[in-house]
Amino acid sequence: MRSSLRSSPDIRSFRLSDDPRRIYYAGWDKEGRGLRRELSEMTDRGSRGKIIGCQLAAAALAALILSIMLLTGENSWIYGENAHTKTYVTGEYRADGGEWLPLKKGEIPNLSDSRRIEIRGHFSHDIEKNLCIALRIQYLDVKIALNGREIFSFGEKGSRHRLSGSGGDVWTTFLSPGVTSADCVEMELYNVYGNRYLPSAEKLLGNIYFGTEGSLYRQLFAARGLSAVLALFIFIIGLLELFAVLLFVMIGYRNIYSLLYNAGYTLFAAVWFFIQNDFSFLLPTPAFTAYMEILSMYMVTAFFALYVAEYMSGTRRALTRLTASAAFLAVTALSLLQITGRFEAYQTLNLSTAACLLGIISSFFSLVVEAVKTKKRAPRMAVYPTLLITAGVLCDACVYAVIPGGYAIFTQVGSILAAAILGGLIIFEYKNKLDAAARVERVENELTQSRVAIMISQIQPHFLFNALATIKALCDVEPEAAQEAIAHFSKYLRANMDSLTTKELIPFEQELVHVENYLYIEKIRFQEKINFVYDIKTADFYLPALSVQPLVENAVRYGVASAKGVGTVAVETDEDEKGYTVRVKDNGVGFDFMKSPRDDRSHVGIENVRSRIEIMCGGTLTIESGADEGTTITLFIPKAVASDESNSG
């Protein structure tokens, strides 16, 4: 029986990283005292963490309940004596030069299909001189006259940005010249974009206030402040996610793209929500705000698609990434058109909204299909937070179709819940990475010693002695052959030394060269007694260093070298839809699995190859042998691992 099947009982393998291509070895004493001590420390830390976590949850819940009660109870909000007052225009109106129709107090007619609206009548309140009159103007040109004298204008060409077709979406104020309910008020409104999904005229007629400027802002905060705070909360979460990306990079964690894309989605979603919540008065840049609304919608779509694509494979992954590419190209094209002054990005609001809606929904359903077909844990876990976002988008789309100009409330709530879930997952994952990094640091010395032991185990003393003796014999009779043998022998030794620092998978071609260098020496030694056969059908894959050469050496030493007649060692590779197969065959003496090894030499051998294949590749090693029947050792490497390494290389 082959003694290389026996491995040292003092060597244990531990996976200290989520990267399957990294492997570490730590030695524990036979009684397992080191392992028990570490497990005990981990248990103590886990218990303390649970207690602190429960205490923190209780404090947060109590603070949240009290905060809600203080903000929603009677007399929770105090605005002071100079509160604003809402006023209306009563009289008559006409749209696009049509007939005059009555306009009653508090009545807001549907004017979404009209481009030019004329109104004449009276304010429903007296407005003292020098009080602020506040108007919500959304992409309108506005002129207001009092008793035939113009007192306010907004949106004319000379007062707006040269790259914008309108004055934007703003709250603006002007000082009252002193208005009574008997004064004749005339208003002329022009809908710049003629967009029926922007009820601009209705918003203006329903949002006319007078009072002090400060009271207006307090009212706006009271009406939309919670939404703005939530938008700010989402923005902070996005910044924290970016910070987490930097931390992951610092600790050597490479799979950061899903977190990076989610951070991009979160930040642009927060910008979009802020604009949606009527807080444009905080940004006195209406042209920029209009552009940012279009930009943020496309960026939300792009980063959402990139995030879910990280959990897909094959065609679905490519198509979802194509959705993100389309969003980026749309932003580029619209920006360039507006830069040249030929077109304004905001004019595509309806088309852009529909395109972004379709992009998010299609990306989500591709993720669902991936989770159902592959049944993998990662896509299933990604479905839950993205489901909240997609459901919010669908609800808002339905509301928007019925009530044009509505706010993206459901999308905002879904994004907040999703951000909370993902934030928890990020904290949990970061903690695991820190624990893994701490373990690596504690056992670094033992790891180095173990790698040295593994390398030494591959360089068998008997092979060194035999190789040197063969080269010495050649020096006298065939000096040129001796020089060639020395070259192959040095390459063989270098490959074994390189295995000390090789943590990643290597190309199969590199391992095959190592095998050829080894067999070159053995062929010189055994001459016609041994034949070597290669049947390499595929070589485009990766595997751990020193995976095939130890198996070939095992076949030579314990198989054909001990057999009568001519022995043959064959190295074969093959590929199917699941992965790659490497076979090392010999027609030697074989062995009986029921018998124990013939020697007690302390080395890792085949069991070392088996453990590295399992941990670094998720693959398998199987042995088929029988007495006087030869031996076949088969390595199988899943295609996903080999392909990922190939792509990264």
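Reader: How many disulfides does the count come to here?

Author: The count comes to zero disulfides in this predicted model. The sulfur of Cys398 has its closest cysteine sulfur in Cys395, and at 6.6 Å that is too far for a bond.

Reader: And Cys398, is that residue buried or exposed?

Author: Cys398 is exposed, at a relative accessible area of 52%. Cys475, by contrast, counts as partly exposed, with 41% relative accessibility.

Reader: Moving to the interior, which residues have the most contacts inside the largest nonpolar core?

Author: They are Tyr265, Ile294, Tyr298, Phe304 and Tyr346, in a core of 48 residues. Helices 3 (213-250), 4 (257-276), 5 (286-309), 6 (314-339), 7 (349-374), 8 (377-402) and 9 (409-442) each give two or more residues to this core.

Reader: Which helix gives the largest share?

Author: Helix 5 does, with 15 residues of this core.

Reader: What does Ile294 touch, leaving out residues up to four places away in sequence?

Author: Ile294 touches Leu334, Ala345, Tyr346, Leu349 and Ser352. There is also a second, separate core of 41 residues, which includes Ile524, Phe526, Phe541 and Ile637.

Reader: Now to salt bridges. How many are found in the whole structure?

Author: The search finds nine salt bridges. One of them joins Arg316 and Glu370, whose closest N and O atoms are 2.8 Å apart. Arg316 lies in helix 6 and Glu370 in helix 7, so the pair ties together parts that are 54 residues apart in sequence. Glu370 is buried at 2% relative accessibility, whereas Arg316 is partly exposed at 23%.

Reader: Which residue forms a salt bridge with Arg321?

Author: Glu310 does, with the closest N and O atoms 3.4 Å apart. Arg321 belongs to helix 6, while Glu310 sits in the loop between helix 5 and helix 6. Glu310, Arg317 and Arg321 are linked in a network of salt bridges.

Reader: What about Glu118, which residue is its partner?

Author: Glu118 pairs with Arg94, the closest N and O atoms being 2.9 Å apart. Glu118 lies in strand 6 (residues 116-123) and Arg94 in strand 4 (residues 89-95). Glu118 is partly exposed at 22% relative accessibility, and Arg94 is partly exposed at 24%.

Reader: Last one: where is Ser176 placed?

Author: Ser176 is in the loop between strand 10 (169-175) and strand 11 (185-191). Ser176 counts as buried, at 2% relative accessibility.

Reader: What does its side chain reach?

Author: The side chain of Ser176 reaches the backbone oxygen of Glu128 at 3.2 Å. Beyond its neighbours within four places in sequence, Ser176 has contacts that include Ile127, Lys129 and Leu131.

Conventions. Residues are numbered from 1 along each chain as its sequence is written. This is a predicted model: local features need pLDDT of at least 70, side-chain atom pairs count only at pLDDT 80 or more; totals for chains, interfaces and linings use all residues. Side-chain values use heavy atoms; hydrogens and water are left out. A nonpolar core is a set of buried Ala, Val, Leu, Ile, Met, Phe, Trp, Tyr and Cys residues joined through side-chain atoms within 4.5 Å. Buried means under 20% relative accessible area, exposed over 50%, partly exposed in between (1.4 Å probe, protein chains only). Helices (H or I, at least four residues) and strands (E, at least two) are DSSP runs, numbered from the N terminus. Contact means heavy atoms within 4.5 Å. A disulfide is a pair of cysteine sulfur atoms within 2.5 Å. A polar contact is a pair of N or O atoms within 3.5 Å; within protein, one must be able to donate a hydrogen and the other to accept it, and residues adjacent in sequence count only if both atoms are side-chain atoms. A salt bridge is a side-chain nitrogen of Lys or Arg within 4 Å of a carboxyl oxygen of Asp or Glu.
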